[in-house]
Amino acid sequence: MAEADIDDLIEIIEKESNLEDIPTILPMMPVRDVVVFTDMLLPLFVGRKKSIRAVEESIEYDRYIFLSVQKDSDLERPTDKDVYTVGTIGRIQKMIKLPDGRIKALVQGIAKARVLEYVKKKPFFKVELEFLEENDPKELNIEDEALMRNVKEASEKLLALKGDFSGDVGDLLSHIESMGKLADLVASNLNLKVEDAQVLLEITDSKKRLKKVNDFLARELDLSTVQAKIQTNVRDEISRNQRDFFLREQVKAIHRELGDSDDKIAELKEFRKKIKKCKMPKDCEKEAQKQVKRLEQMHSDSSEASVIRTYLDCIVELPWTKSTKDFLDIPKSQKVLDENHLGLNKVKERILEYLSVRKLNPKKKGQIICFVGPPGVGKTSLGQAIAKAMKRKFHRLSLGGIRDEAEIRGHRRTYIGSMPGRILQGLRQCNTNNPVFMLDEIDKLGNDFRGDPSSALLEALDPEQNFAFSDHFLNMPFDLSNVLFILTANVSDTIPSALLDRMEIIRITGYTRQEKKQIAKTHLMPRKLRDNGLIRRSIHVSPGAMESIIADYTLEAGVRGLERNLDTICRKIARKIAEGKKGKFSITKQNLTKYLGPPQYISELDQEESQVGLATGLAWTEVGGEQLYIEVSLYQGKGELLVTGQIGDVMQESARAALTYTKSHADALGIKKDDLDNNDIHIHVPAGAIPKDGPSAGIAIATALVSAFTNQKINNKVGMTGEISLRGRVLPIGGLKEKALGALRAGIEHIIIPEKNRKDLYDMPKVLKRKIKFTCVKDIKQVLEIAMEGKVGKKG
């Protein structure tokens, strides 16, 4: 300490402050980690906005400010309850604004005070204070003088042990004649905890306070004596280059002498305790204990110690042996599934079969189930229902757009900020090793230079491999065989073949209008009423209005659009109620346009009547089945073929095959050779902005061609799907159930399908079989006879 600083302190201590000059209402600044005592000079860096405003406001109060310590130093925005009521009135001696907006202030402690009332809390604290009078004896007796001398001598010894004692410090201590000032001076220079320092500050009896300081000083002196002994013993054993190791040994020795443990020792002890509690495999436990030993030898602040600490946190938080008990009551599980989903009988049957097998053989390896279907049919909610039925925890991971293999398998620990893969993170969150784990949008996985996530998923999903899944971050095997993986996809074509081979595909095609109506009544409408705060309101949606919403305002396989429309209706009713309108709200087919506007989906083109050269095909899309109109027009030319409507290569080849069949069988079909040679043929598939492809429109194109050349109308209530060969054979197609549902939505009454698709009628919903007539054909001639009512071959 410089001579000038000692002189300043002596001057401050000897100077008595006039409390009458200090206002009783002052701005208050909460401080962290330090208790300010009277006569204490303290530099403060002020960075919080509230504190900066308080410092600026102190200028209006002759630079006086009330300083009180926070109870929790981690709080960035303390309230009045987070700050001690007893503090110190300080005066700002110097103040400098720094370039980063902070303020550096030199503050002198003036007097103790207690908060009576908070005058203002925003934008800074302003408080009304009462001064705490110091009970300092005017005359010292022998006991008081002995106490003061003991404190002074102990302070000099402590400074001597630390190598900080000088003659100036001795002069400073000798000038102090007040017990209170001596107590405050010594307390401000001891490394006391905030709680202990606050206790000293609140003691107004100077003799009691000095005795308390003497106790703290004696403990610190003993500690420093032991420290000096340790330094002497350790100094001979280590070199200058091992300074970090020396400091760690010092800390260990100190804690051995004191009989307590520091944060690091407690942390290591906690890690070892958790590792044993985890009951992980022996090899894994051995590796974990090895990492704990490495951490023990490192400095706490080193970057590698941080990596190991993160790694150990991950290991001990993984559910190595934690699992939830399966609920395998099959009737009750079926009831849960029926309550959450309408229809989907095949899916429910497969789930109940899985639960039955688990009940009879709990150790059987699980099959990977993949739900494939259009958006909005309930794939994700089915996974949640399975978890609910089994009373397992549920975790969902969306794979859409993931391109980095490390997202699945984790990052290696050599990288800064590395972490385990998303699968282990999910298990860590669930805190159980047998959750229902849903991998959403498996068909939208990507890959690039960072690796192929689908290949990384093979090990996680394959029942023959996942009992020892290796995550790059964990770098030890983890058993995933108890996890029930459920995958979802909109299409199965884009799922990598290696993954597809390990899955059991369950197709969810969509819902009929009757099913949608029932879903809206039992599930969607109650939920929307609850979400919009209308649960106790009198609201009624008529059956006709619900049918109109389904038919005229949505065109989808699922119910997502239906849910949005019901939400729109509920929002509009909520607004009316919020504006004060009362009574019963009834939604009918007649007033539906007031809520949803005009119908959004009207039957395409001229479906009202049968026409020449217009056939109705059926197409499969990612959002379900749709009707596909094929138009054929003839105009004078040289027999050339023009195909429009943004159709793909496969569909263009179907058009050429259909034309070849038509030309080669012109006589049997009643088509003149001159008509074929002197007319150009234009095949158009409407909705030209939408790309279309696939072979299943072959028989529809052939039918439209024959109709155009023979001038025979095609029955508009007949839909057809099937691939055509050059010999006129009708070949099988896929997605029949989706196409049939789309045909039902479009009002088609009769569907022509290939004979080899007869097997698909077995799983067809009964409502479809009841409302649509299915005819299986082997040859295009059968198609023409049905579609054109047996008039083929007769020129009209």
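# Exercises on a predicted model

An open sheet of five strands has the order β8-β9-β12-β7-β13, and its pairing is parallel. The model is a predicted one. The exercises below start from this sheet.

## Exercise 1. The edges of the sheet

Task: find which strands stand at the edges of the sheet, and say why one side of each lacks a neighbour.

Solution.
- Step 1. Read the order again: β8-β9-β12-β7-β13.
- Step 2. The edge strands are β8 (394-398) and β13 (503-507).
- Step 3. Each has a single partner strand, so one side of each is left without a neighbour in the sheet.
- Step 4. Add the twist, which averages 25° from one strand to the next.
- Step 5. Look at the β13 edge. Strand β7, residues 368-372, pairs with β13 in the parallel sense over five bridges. Within this pairing, Ile368 is opposite Met503 of β13.

## Exercise 2. Helices across the sheet

Task: state which strands α14 and α17 lie across, and give the angle for each helix.

Solution.
- Step 1. Take α14, residues 379-390. This helix lies across β7, β8, β9 (436-440) and β12 (484-489). Its direction is at about 175° to β9.
- Step 2. Take α17, residues 453-461. Here the strands crossed are β7, β9 and β12. The angle to β12 is about 145°.

## Exercise 3. Helix α14 from start to end

Task: compare the span of α14 with the expected value, then list its buried residues and what they pack against.

Solution.
- Step 1. α14 has twelve residues. From first C-alpha to last, α14 reaches 17 Å, close to the 16 Å expected at 1.5 Å a residue.
- Step 2. Apply the cut-off: buried means under 20% relative accessible area. In α14 the buried residues are Lys379, Leu382, Gly383, Ala385, Ile386, Ala387, Ala389 and Met390.
- Step 3. Recall the helix geometry. With 3.6 residues a turn, an α-helix has residues three or four places apart pointing the same way.
- Step 4. Name the packing partners. The buried residues of α14 pack against helices α12 (330-340) and α13 (345-360), and against β7, β8, β9 and β12.
- Step 5. Move past the end of the helix. Lys391 follows α14 and has a positive phi.

## Exercise 4. Unusual backbone

Task: for Lys391, Asp62 and Pro123, say where each lies and what its backbone shows.

Solution.
- Step 1. Start with the background. Most residues other than glycine have a negative phi, and most peptide bonds are trans.
- Step 2. Lys391 has phi of about 60°, a positive value, although it is not a glycine. Its loop runs between α14 and β8. Lys391 counts as exposed, at 54% relative accessibility.
- Step 3. Asp62 also has a positive phi, near 60°. Its loop lies between α2 (49-58) and β3 (64-69). Asp62 is partly exposed, with a relative accessible area of 42%.
- Step 4. The Lys122 to Pro123 peptide bond is cis, with omega near 0°. Pro123 is in the loop between β5 (103-120) and β6 (125-131).
- Step 5. Place that loop. A hairpin joins β5 to β6 through four residues. The two strands run antiparallel and share six bridges. Lys120 stands opposite Lys126 in β6.
- Step 6. Follow β6 to another partner. β1, residues 25-31, runs antiparallel to β6 with four bridges. Leu26 faces Val127 of β6 in this pairing.

## Exercise 5. A helix pair

Task: classify the packing of α26 on α29 and name the contact residues.

Solution.
- Step 1. α26 (residues 698-710) and α29 (residues 780-787) pack at about 60°, with axes 10 Å apart.
- Step 2. The two helices are therefore oblique to each other.
- Step 3. The crossing of α26 past α29 is right-handed.
- Step 4. α26 contributes Ile699, Ala702, Thr703 and Val706 to the contact, and α29 contributes Ile780, Val783, Leu784 and Ala787.

## Exercise 6. Two enclosed sites

Task: describe the burial of β17 and of Ile753.

Solution.
- Step 1. β17 spans residues 614-621. Six of its eight residues are buried, so this strand is largely enclosed by the rest of the structure.
- Step 2. β17 runs parallel to β22 (residues 718-720), joined by two bridges. Thr616 is opposite Gly719 in β22.
- Step 3. Ile753 lies in β25, residues 750-754. Ile753 is buried, with a relative accessible area of 0%.
- Step 4. Ile753 touches residues including Thr721, Leu736, Leu761 and Phe774.
- Step 5. Ile753 and Gly722 are 31 residues apart in sequence, yet 6.2 Å apart in space, C-alpha to C-alpha.

Notes: Residues are numbered from 1 along each chain as its sequence is written. This is a predicted model: local features need pLDDT of at least 70, side-chain atom pairs count only at pLDDT 80 or more; totals for chains, interfaces and linings use all residues. Side-chain values use heavy atoms; hydrogens and water are left out. Two strands pair if DSSP finds at least two bridges between them. Axes are lines fitted to C-alpha atoms, for helices over the stretch in contact, and angles run from 0 to 180 degrees between N-to-C directions. Contact means heavy atoms within 4.5 Å. The expected span of a helix is 1.5 Å times one less than its number of residues. Buried means under 20% relative accessible area, exposed over 50%, partly exposed in between (1.4 Å probe, protein chains only). Angles under 35 degrees count as roughly parallel, over 145 as roughly antiparallel, 65 to 115 as roughly perpendicular and the rest as oblique. A crossing is left-handed if the near helix is turned anticlockwise from the far one by less than a right angle, and right-handed if clockwise.
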